[in-house]
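Look at the structure shown below before reading on. The paragraphs that follow take the chains in turn and then turn to the core.

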Amino acid sequence: MANTSAGASAEGKSETVDTKKSETVDTTKAGAVDTTKAGTVDTKKAEVEETASATVTTGADDRDAVFSVRHLWKVFGPKAKRVPADKELAGLSAAELTERTGCTAAVRDVSFDVQRGEVFVVMGLSGSGKSTLVRTLTRLIEPTSGSISFDGEDVLALDKGKLRELRRHRAAMVFQNFGLLPHRSVLDNVAYGLEIQGVGKAERRAKAQEIVEKVGLAGMEHRRPTQLSGGQQQRVGLARALAVDPEVLLFDEPFSALDPLIRRDMQEEVIRLHREEGRTMVFITHDLSEALRLGDRIMLMRGGEIVQLGTPEEIVANPADEYVRDFVRDVPREQVISVRRAMRPADAEETGSGAALAPDTLVVDAIEAVARSGEHCRVVEGGRTLGVVDHAQLLSVVAGLDDEADAADKKAATV
Amino acid sequence: MSAAPTETPVLDKRDRITHSGSESPPAAPGFWARLAGNPKAVLLVAALLVAVIAALAGGSGIWPKDLTFDLRTPLTDLNEWLVDNRDTHPLFLYFLLHISNTAQSAVDSVVLGLENLGFIGVTVAAVLVAWAAGGAGLQRRALRTAGTALGAFGLIGLLGMWEPAMETVGLMVVCVVVAALVGVVLGMISGLSDRGERILRPVFDTMQVLPAFSYLLPFVLIFDVGTPSAFVTTVIYAAPPMARLTSLGLRGADAAALEASQSLGATYRQQLFTARLPLARKQMLLGLNQTIMMCLSMVVLASMIGAGGLGEEIYRSLSILDTGQSLTAGIAIVLIAIWLDRTTAVVGERLDDPAAATRRNRSWLPWAVVAAATAGATAVGTALGKLEWPDNWVVSISEPVNSVVDWIESELGSGIPVLGGTLTWASGFAEYVINPLRDALQATPWWALLLVAGVLAYAVGRWKAAVTAVLALGVIGGMGLWTRSMDTLSQVIAALAVTLLLGFAIGVLAGRVDRVERAIRPLLDTLQTIPQFVYLIPMVALFSGGRTAGVASAVLYALPAVVRITNQGIRQIDPAALEASRSLGASTGQQLRQVQLPLARPSLLLAVNQGVVLVLSMVVIAGMIGGGALGVDVVKGLAKGDLALGMTAGIAIVCLGVLLDRISQPGADVKKRGL
């Protein structure tokens, strides 16, 4: 009896010690998290403002915006409307918000423009709200607040019929899990969107046939989706979206379910289609290399908010914060950064010699040119020499040392 | 308490507690400590103790007279009113009579149509329909299905059962069409609307628990004995599976496909017809298959209320103990069941096989062939003047069967040295298993049983289940059917014990040994297509009726489902868990005890629940062959049109069903029916 009680008390003691320990650890952790969070939040906010102003300025150039999204919120949960409206609730962190209101904010106060003809990549880890965001664009998920305009038209004000028209003709989506109809042949799956529009059988089949050939599925028209490989199934999904000839293609992580090799094929297919047709694309992905490969501009999201928005080069060369820096740490910089960013001002004598490179030449290509010629290369735009690159510049890009130089440059420029 | 071990492994302790829910584990050290950790188990043990002590203390098991209410008088009044007003009251004239007349004329015209086709025409039509369902052409699947149909109809003719079989098929056709339509409509309501689901779901669930037998009688009084009441009861009995699976299919449709259709701008209607319903096709076909099988089961059972056909042959010959004749009709029914099952199942198989779907054949062509060939065969039959199955083509098996049965009774019935014999076993089982059980139940005071039932239901479910269980028992007692219901209950418990013992053993064996599974699968498939009524026949032959025969047929009827669910449960567990235990060097017994059985627990609980429901429905039907108790009251009520007798027994059966379902129902998450 004594034995057991002693054992029990000992156990109890050790337990209390344990809990104490864990408690203290917890608090310190929480404290640490809090401080860091506060820091990032601040910087993030600053960044968001900066990028927002940047987009506004770039939006003023000759291209016009297809999608224009302002202060968009999507909150799931009871009485979701009150969250964006209430300044105090809107400022809470995700965990605090859930605790106080039972709501989760999937998209928080997001503003951006998608330019006509560009590939706009939304990138983030799972739970960052990117899939929700793309669905709010055609109101497959109703946003909680904010505004979306499509070609200047207010999407949130559309009635059911007009919204259907938008979905039928102007924006088509490609899904992660394909969403094919197993009881239909490939051809009828591709023609499905046209069938919904009410296009006659002969006409829609002819159109579908054309698209099937375009995406490289010729000869498989009469198979069923279950008889195709994953890559082929997604080609059908792509063809289905293309068949309705939409203004904008929306991709929701279309290739994450595919093998790496096939993924690469499909990415090239998308690049090819974009080159040929110049269609506007909004592309959701969690894969950084995919984002860098496809995107004209990349919007990085985290916890429903925009962390950074810019060209792949801007993001790799100038990460907005530690989170982004971590993200792009392993990116081969020479394959993303162009010589425009790497060059230094030319001396008087250097302007006369060396091979000429366009300013958007990638560093990796410049390395080859420099190695071959053994001397510096000139960066030339419109017959004017902007600067030169030699071993030192190129190596510092590869080594990741250009960052500080870059920052110094910026400072100099502003001064 | 001091017996608590100093080093009780915590894991072991937790494991044990989850197990001691219903059965008491052997008194290992620390047993009481473990028990004390589980309040539900303490409650249960206490309730059982109270019951046993109260029974031993000589408490009377009779439900007190003061607590009964009189249901018989109002029921008798209603009965008389119904009989008096059946032809005059506006409710009948303008509503119920229309249903009854429409059903009657529909069935009559189908039967007449089958007669006019002649046996050649019907056989050709059945064979070709099976062929077309199998995908037409010369593929193996189509030919095999067609061969099954040809064999089934040829044998039915040879057995001399052609005419009653056609009556059964005629009634079947009408019932299946209506039941499927009703099922699809209800299924769409519950599949597309959440409110519809909330309202209909409990109805379907309850329908599945009710033994068909219990609700025949009211319809007999409304529609009188004959085809219409058979039609109505069959439709009510057979529509729920169709509705349930339609709803399941609609709700389970691939979300991505639905979203894709929405993103392309489909309207609700377009989405329903191009994506949702086609995606539910497979489930709906499964539902149709189940509905057809339940229709057949009920059409046969409804012979007791004048449905005619093969069921009537069985009913009549069972009542004069002509085993040979009833077996002949039973075989004919099984043949029809196999034909229907194969023909509908093969359509589902074809959907699964993309290669078959790719073959682009004109879908109307096989059906044109069916129509043309049937017309041709009918013309030939009419020209030859052979519409009815020729008498000289009949091979009677009833005489030889009867002599075999006689031989069994005289040679195997009793007097075999050491072993005894079937009749000896039967009376032994009745005397040493069923009787003590019944006596115990009847000797236990009613309040103690209510307590045990309530606590049991609370232990497996929640307060709601406990209240329902106690209320159900209370209604039984209140109607004054306590003693008879305890009789039925004792048979159910005996049958259930045997079923679970055999079912778990076979199921676990099949789950572990592939060869066993392959061997018993076709047997299980066949057993599950056989209508309830047919199970009685061999048992009468072996045990010549009585309670043991009833229990044996209930065991046989419930066994396939229990074996199947157990087998699936064992096979569905995570192979990684099993592999891990094997890699640690666990013996077969250890694997089974520590991994397979605990992980298959939800399936085992589901098997118990299914077993209970199936056993009860069969024990009740076995009232016809001498099972006595509530079942025989229903039969008597039906035969005499006595609402007071039959209806109260029916209600008592329903209450027993609800009670047994509640105390055996696993949590809502594992409650998936239709396995």
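A residue counts as buried if 20 or more other C-beta atoms lie within 10 Å of its own. By that rule, 49% of the 675 residues of chain B are buried. The model is a predicted one, and this count, like the others below, is computed from it.

Chain B contains 30 helices and 0 strands. For this chain, an unreviewed UniProt entry lists "domain: ABC transmembrane type-1" at residues 165–344 and 485–664. In the span 165–344 of chain B, helix makes up 84% and strand 0%, and the end C-alpha atoms lie 19 Å apart. In the span 485–664 of chain B, the helix share is 88% and the strand share 0%, with the end C-alpha atoms 18 Å apart. The contacts of chain B can also be sorted by distance along the sequence. Taking contacts between residues at least 6 apart in sequence, 78% join residues at least 24 apart.

Chain A has both kinds of element, with 18 helices and 13 strands. Of its 415 residues, 38% are buried. Among contacts in chain A between residues at least 6 apart in sequence, the share joining residues at least 24 apart is 67%.

Chain A is divided into two parts: domain 1 covers residues 40–332 and domain 2 covers residues 334–414. The centres of domain 1 and domain 2 of chain A, taken over C-alpha atoms, are separated by 35 Å. Where the two domains of chain A meet, 8 residues of domain 1 are in contact with 7 residues of domain 2. Which helix gives the largest share of the domain 1 side of this meeting place in chain A? That share, 4 residues, comes from helix α13 of chain A, residues 312–317. Sorted by class, the side of domain 1 of chain A that touches domain 2 has 6 nonpolar residues, 1 polar residue and 1 charged residue.

The last topic is the nonpolar core. The largest such core has 301 residues. The residues with the most contacts inside this core are Val282(A), Cys175(B), Cys295(B), Val299(B), Ile336(B) and Val615(B). Helix α5 of chain B, residues 90–133, supplies the largest share of the core, 17 residues.

Ile336(B) can serve as an example from that list. Which residues are in contact with Ile336(B), leaving aside its neighbours within four places in sequence? They are Ala152(B), Ala165(B), Thr168(B), Val169(B) and Leu296(B).

Conventions: Residues numbered from 1 in each chain as written. Chains lettered and ligands numbered in written order. Predicted model: local features only at pLDDT ≥ 70, side-chain atom pairs only at ≥ 80, totals over all residues. UniProt positions renumbered as here; feature names shortened; annotations may be inferred. Helix = DSSP H or I, 4+ residues; strand = E, 2+ residues; numbered from the N terminus. Buried ≥ 20, exposed ≤ 12 C-beta atoms within 10 Å, placed from the backbone. Domains from an automatic or database assignment. Nonpolar A, V, L, I, M, F, W, Y, C, P; charged D, E, K, R; others polar. Core = buried A, V, L, I, M, F, W, Y, C linked by C-beta atoms within 7 Å.
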